[in-house]
Number of protein chains: 2
Amino acid sequence: MRLPSPLPQFRYAQIVALWALLLIGGCATVRTDPLPSWNEGKVKQSIVGFVAKVTTQGSPDFVPIPERIATFDNDGTLWAEQPLYSQLFFVFERVKVLAPQHPEWRTVEPFASVLKGDLKGALSGGDKSLVELIGATSTGMSTAEFATMVSQWLATAKHPRFDQPYTSMVYQPMIELLAYLRANGFKTFIVSGGGIEFMRPWTERVYGVPPEQVVGSSGKTQFEMRDGKPVLMRLPELGFIDDGPGKPVGINLHIGRRPIFAFGNSDGDLQMLQWTAACSGVCFMGLVHHTDAVREWAYDRQSSIGRLDKALDEAQAKGWTVVDMKQDWNVIFSFEKK
Amino acid sequence: MRLPSPLPQFRYAQIVALWALLLIGGCATVRTDPLPSWNEGKVKQSIVGFVAKVTTQGSPDFVPIPERIATFDNDGTLWAEQPLYSQLFFVFERVKVLAPQHPEWRTVEPFASVLKGDLKGALSGGDKSLVELIGATSTGMSTAEFATMVSQWLATAKHPRFDQPYTSMVYQPMIELLAYLRANGFKTFIVSGGGIEFMRPWTERVYGVPPEQVVGSSGKTQFEMRDGKPVLMRLPELGFIDDGPGKPVGINLHIGRRPIFAFGNSDGDLQMLQWTAACSGVCFMGLVHHTDAVREWAYDRQSSIGRLDKALDEAQAKGWTVVDMKQDWNVIFSFEKK
């Protein structure tokens, strides 16, 4: 059947209606799973359920947007920390680059071990060795120069096991979680024991977390005029260690508001989780448990890097969410996604 | 003339067209002056012109939203600092409240002078006296207890000259400027020599600046468990002085990105302005010059509070914006607005 030719007015109406539909359609939400790398189960449900509770207007657990603060540990929570923290690979690389200017390093520890490739030996001196290594390689230059160094290293360095750039060694499920929380009005922060200036050059690009939402360990800096230009010089002086009991201190100093959502993976995150758990309303505490020796690593109570022992006990006792990496994540690294 | 009755289709078209217009209309901007308390002139023009430049897509000076960082000093820039910094009035009040528990204060300086109401005498010991007063009145309690104290004091204390709550002693033109910048995609920060935890309980309500965007001076805190509850105790130990050359250090530590817009009022802001002026593109540096002895105060090169000397010279030499309070502001305090 052929319809009669429409009146000119009706054709105009059709165009207007189409526009109106497009405008209205632009506002409608397309519902797809925001956490596709998380397998269905009680862990995923605990996250989605919590977010629904605090974002539903009129719910007794509703939290206004400015108070939706979420904090994430970095090493072992957002990216891999085995066989060593990435920042240590950076420091070891800097020792090698600077060695020709320091012939004495060939016989002085911990430098000698680093130059011989004996990483275990290099770290046998504990925190004292670490502070010495960082002092010798990451201070004495401006903050801008240090940021350039970090970016240049990340552009070429590859992880020893996976042969991927370190910034690809990030957990795809956690990238999805960060984006999901932000889409629900959360402000996402990193609260890491790692160096604050080691993280800031890349966290915005990789995690969507801007520099002002990164909390970390830091050395002291000093304002100076050099050739009439202001610079901040990195001094070989420890400022703040954002780990363990330092995490609530760092959260208070940088954020000034208690998180309602926190995720960690080791005993170094226990106090951050305890601080979060003391919230006045509902709050979410999560741990990543590394249980997949095939796709990533399996480690917890005995590991020297990222030991998870006391925090695992407390999580089990208090009913915090514990991610079983092997079971709960169908993708681990972002580079597995094409 | 009576129009012929429209066809049913056309009536439908009218409704749809109306909806489309409403939807489109909802996106249109109503143009009113966002800075009504600023008189027309080159100062106001320098602000509006800068914002237009950095927010116009395709302009060579366009700055992406995440990089639109604006930093404001607090005392003398956002609220009054005469005859004394408000935090000092708070500290003096605390000395009086705590005096019965410290009979020795009646004879020990600087406490004795405070108790006699001799504020000049109390401050004659300089920074050492200040640190002692703050240590004795603002430490030894938890961060939560301190925040409650500040809020309670602000709820009742009145400014000695204007008989207004201290949080009404804020500059209406600057409140408008903060809102105007935020409406143009800027993130607004406070970078003050004042105590970070003295400011955070009220900056969100008064300035629209959330706690995580407040940078200030701080003492050390320590994580402790008290009766099974985690607390952060305020230690009588100086942490960081966010003043003068400390301001770029504080900006780097808390924000990690150089501001493109900064406003101060004293020599304590000079390094923040220099740090901002070393931006890679265009940037805005502003000073509030207190020139109105009738409506506020007139002070600059000779003042012990808020001295403006070197920064005024540098502003004049480099063409930074200098607000002449008397001439450029038609309203000063927020309480003048009804």
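At what angle do the axes of helix α9 of chain A and helix α10 of chain B cross? They cross at roughly 60 degrees and come within 10 Å. This is a predicted model, with ipTM 0.90 and pTM 0.90.

**Confidence**
- Chain A averages a pLDDT (the predictor's confidence in each residue, from 0 to 100) of 92.
- In chain A, 91% of the residues score at least 70.
- Residues 1-10 of chain A stay under 50, and the model gives them five contacts (heavy atoms within 4.5 Å) beyond four places in sequence.
- Residues 24-28 of chain A also stay under 50, with one contact beyond four places in sequence.

**Helix pair**
- α9(A) spans residues 196-207 and α10(B) residues 246-254.
- The two helices are therefore oblique to each other (neither under 35, over 145, nor 65 to 115 degrees).
- α9(A) contributes A:I196, A:E197 and A:R200 to the contact, and α10(B) contributes B:N252, B:L253 and B:H254.

**Nonpolar cores**
- The largest nonpolar core (buried Ala, Val, Leu, Ile, Met, Phe, Trp, Tyr and Cys residues joined through side-chain atoms within 4.5 Å; buried means under 20% relative accessible area, 1.4 Å probe, protein chains only) has 68 residues.
- Helix α3 of chain B (residues 86-98) gives the most to this core, with seven residues.
- B:W38 is among the residues with the most contacts inside this core.
- Beyond four places in sequence, the contacts of B:W38 include B:M174, B:L177 and B:F263.
- Another core, of 67 residues, lies apart and includes A:F72 and A:M199.

**Conventions**
- Residues are numbered from 1 along each chain as its sequence is written, and chains are lettered from A and ligands numbered from 1 in the order in which they are written.
- Local features need pLDDT of at least 70, side-chain atom pairs count only at pLDDT 80 or more, and totals for chains, interfaces and linings use all residues, while side-chain values use heavy atoms, leaving out hydrogens and water.

Key. Axes fitted to C-alpha atoms, helices over the stretch in contact; angles between N-to-C directions. Helix = DSSP H or I, 4+ residues; strand = E, 2+ residues; numbered from the N terminus. Buried < 20%, exposed > 50% of the residue type's maximum accessible area, 1.4 Å probe, protein only.
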